[in-house]
Amino acid sequence: VSFKLNKDHVGQDQYMSTVLFGTITTSDESQYCVVVKLKLRDENRRVKFKIDFQFHNEITMYERIIPFLFECHRSMTDVERDYPTLARFFYGRNECGEFVERDLIVLENVSPFGFRLSEERLFIDYDHIVIALQALAK
């Protein structure tokens, strides 16, 4: 029904998308604190940073890969819910084309629950990334 922008909260480290924070109110008067990610309006930067692909990958991660991993985990353990808590994925659109400005990703804003971005910027070299990905693949 409505979206109220939180002007006091701005996105950090966002060079590939525009991030808005706010509260969505639904028709049943439920309210959700959300993070809305929008594609950059500059077509040259969208192409250069492959933002359409990034949106596709992020939506695929939330819609297919995370649920699949959680289902696999559930099948291997007796515990109902001992997997990590993640921001809820509410909506994703990545149609591109002439209506690219309508493409967006809507996630739960977990900062009200005490989650914060790390102040530390960690650098991981290529060799360590390869080792980590190999371990995850196993």
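Q: Between which two strands is the loop that holds D103?
A: This is a predicted model, in which local features need pLDDT of at least 70 and side-chain atom pairs count only at pLDDT 80 or more, whereas totals for chains, interfaces and linings use all residues. Residues are numbered from 1 along each chain as its sequence is written, and side-chain values use heavy atoms, with hydrogens and water left out. Strands (E, at least two residues) and helices (H or I, at least four) are DSSP runs that are numbered from the N terminus. On this basis, the loop with D103 lies between β4 and β5 (104-108).

Q: Is D103 buried or exposed?
A: A residue is called buried under 20% relative accessible area, exposed over 50%, and partly exposed in between, with a 1.4 Å probe and protein chains only. Because the relative accessibility of D103 is 0%, this residue counts as buried.

Q: With which side chain does the side chain of D103 make a polar contact?
A: A polar contact is a pair of N or O atoms within 3.5 Å; within protein, one must be able to donate a hydrogen and the other to accept it, and residues adjacent in sequence count only if both atoms are side-chain atoms. A polar atom of the D103 side chain lies 3.0 Å from the backbone nitrogen of E95. For contact between side chains, at 2.3 Å, the partner of D103 is R93.

Q: How many salt bridges does the structure hold?
A: Side chains of opposite charge can pair when their charged atoms come close. A salt bridge is counted when a side-chain nitrogen of Lys or Arg is within 4 Å of a carboxyl oxygen of Asp or Glu. By this rule, the number in the structure is five.

Q: How far apart in sequence are K37 and E58?
A: The side chains of K37 and E58 meet in a salt bridge, with 2.7 Å from N to O. K37 counts as buried because its relative accessibility is 16%, and E58 is likewise buried, with a relative accessible area of 18%. The pair links distant parts of the chain, since K37 is in strand β3 (residues 31-39) and E58 is in helix α2, and their separation is 21 residues.

Q: Which residues are joined with K39 and D52 into one network of salt bridges?
A: D52 and K39 form a salt bridge in which the closest N and O atoms are 2.6 Å apart. D52 lies in helix α2 and K39 in strand β3, so this pair ties together parts that are 13 residues apart in sequence. K39 is buried, with a relative accessible area of 6%, whereas D52 is partly exposed, at 26%. Salt bridges that share partners join K39 and D52 into one network with R93 and D103.

Q: Which element gives the most residues to the largest nonpolar core?
A: A nonpolar core is a set of buried Ala, Val, Leu, Ile, Met, Phe, Trp, Tyr and Cys residues joined through side-chain atoms within 4.5 Å. The largest one has seven residues, namely M16, L40, I51, F55, I59, I105 and L107. Two or more of these residues come from each of α2 (51-76) and β5. With three residues, the element that gives the most is α2.

Q: Which are the edge strands of the open sheet?
A: Two strands pair if DSSP finds at least two bridges between them. The open sheet has five strands in the order β1-β2-β3-β5-β4, with antiparallel pairing. The edge strands, each of which pairs on one side only, are β1 (2-5) and β4 (89-93).
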